[in-house]
Amino acid sequence: EFSSVKVQFALVAGRLDVSNFEAATLGGSLAGRVLIDAGTAANPALQVRVNGNGLDLGAILTSFGLPREVRGGKTELAVDLAMRGTSPHAWASSATGNVRLVVGRATLVNTKIDLSSSLDQLTGAFNPFRERDPATELICAVVRMPFANGIARVDRSVGAETNKLGVLASGIGSYGDQVSAAAEDTRTFWRATEDGAASARAALD
């Protein structure tokens with residue numbers, strides 16, 4: 001849901017320029033710019049620049065169908081992507097740019113969790129004792145993903161630090177074929193390494 005929406009836009013010769021938009025959502029705010037150039041109707045260009053401030057991690061998870069009791073976890077988001085096409089599949093296949101997500105200190109309650117869910121499998125990398133611990137204490141998490149034509153090549157720029165350990169991840173994620181079926185086959189393969197000295201903050205370097 002969005003509230004306090006403000007939009008400025010202009011449409012000229014098949015070019016829609018949303019020069020500024022602001023909205024309150026997910027416990028925080030989003031602001032940015034969207035440019036759609038349909039000069040080439042068969043392959044229009046789409047540019048998206050969005051910044052999110054003070055977003056609520058629990059609300060974000062719920063919006064993706066992954067409800068979880070979360071305390072804290074204020075989240076900052078920065079998206080700068082250029083895409084082409086007329087469908088989500090085409091946009092994901094051509095996405096080029098950067099996505100950055102930073103999550104602050106949070107408590108993820110471990111009771112009534114679904115051990116088969118993708119979220120819990122990810123949480124398990126940060127806290128292998130989640131079935132025993134009442135909560136996972138997240139100190140910080142950082143996701144920085146550079147995209148080139150729908151492929152994200154990550155070199156230790158995805159990480160998280162809990163009160164138990166730190167995790168950094170490297171790998172390649174392809175998002176062109178599963179936008180509408182991400183839950184079935186994300187085609188993302190991470191090689192995560194546990195390192196007690198690793199810090200998610202290293203992902204910012």
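This is a short tutorial dialogue on reading a predicted model, from its nonpolar cores to its strands and salt bridges.

Reader: Let's begin inside. Which residues touch the most other members of the largest nonpolar core?

Author: A general idea helps here. In soluble globular proteins, nonpolar side chains tend to be buried together. In this predicted model, the largest nonpolar core has 19 residues, and V50, L81, M83, M145 and F147 touch the most other members. Try displaying those five side chains to find your bearings.

Reader: Which elements give two or more residues to this core?

Author: They are strand 2 (15–25), strand 4 (45–56), strand 6 (74–84), strand 9 (135–148) and strand 10 (151–162). The largest share, four residues, comes from strand 4. Another core of nine residues lies apart from this one, and its members include L57, L108, L138 and A160.

Reader: What about nonpolar side chains on the surface? Which residues make a nonpolar surface patch?

Author: F2, V5, V7 and F9 make one of about 450 Å². Look at F9, which is found in strand 1 (residues 3–12).

Reader: Is F9 buried or exposed?

Author: The cut-off for exposed is over 50% relative accessible area. F9 has 58%, so F9 counts as exposed.

Reader: On to the strands. Which way do strand 9 and its partners run, parallel or antiparallel?

Author: Start with strand 7 (residues 96–103), which runs antiparallel to strand 9 and is joined to it by seven bridges. There, L101 stands opposite V143 of strand 9. Strand 8 (residues 106–109) also pairs with strand 9 in the antiparallel sense, over four bridges, and V109 has A135 in strand 9 as its bridge partner. Finally, strand 9 and strand 10 run antiparallel, joined by seven bridges.

Reader: Where should I look for the turn between strand 9 and strand 10?

Author: Look at the hairpin they form, which has two residues between the strands. N149 takes a positive phi near 55° there. A bridge pairs A148 with I151 in strand 10.

Reader: Now the charged side chains. How many salt bridges does the count come to?

Author: Here is the general idea. Side chains of opposite charge can pair when their charged atoms come close. In this model the count comes to four salt bridges. One of them joins the side chains of D37 and R15, at 3.7 Å from N to O. This pair links distant parts of the chain, with D37 in strand 3 (residues 28–37) and R15 in strand 2, 22 residues apart. D37 is partly exposed at 29% relative accessibility, and R15 is partly exposed at 36%.

Reader: Which residue forms a salt bridge with R33?

Author: That is D17, with the closest N and O atoms 2.8 Å apart. R33 lies in strand 3 and D17 in strand 2, so the pair ties together parts that are 16 residues apart in sequence. R33 is partly exposed, at 36% relative accessible area. D17 has a relative accessible area of 17% and is buried, because buried means under 20%.

Reader: And which residue does D80 meet in a salt bridge?

Author: The side chain of D80 meets that of R49, at 3.5 Å from N to O. D80 belongs to strand 6 and R49 to strand 4, 31 residues apart, so this pair too links distant parts of the chain. D80 is partly exposed, with a relative accessible area of 38%, whereas R49 counts as exposed at 52% relative accessibility.

Key:
Residues are numbered from 1 along each chain as its sequence is written. This is a predicted model: local features need pLDDT of at least 70, side-chain atom pairs count only at pLDDT 80 or more; totals for chains, interfaces and linings use all residues. Side-chain values use heavy atoms; hydrogens and water are left out. A nonpolar core is a set of buried Ala, Val, Leu, Ile, Met, Phe, Trp, Tyr and Cys residues joined through side-chain atoms within 4.5 Å. Buried means under 20% relative accessible area, exposed over 50%, partly exposed in between (1.4 Å probe, protein chains only). Patches are made of residues with over 30% relative accessible area and no salt bridge: like charges are joined within 9 Å, nonpolar side chains (Val, Leu, Ile, Met, Phe, Trp, Tyr) within 5 Å. Accessible areas come from the Shrake-Rupley method with a 1.4 Å probe; for residues, only the protein chains shown count as cover. Two strands pair if DSSP finds at least two bridges between them.
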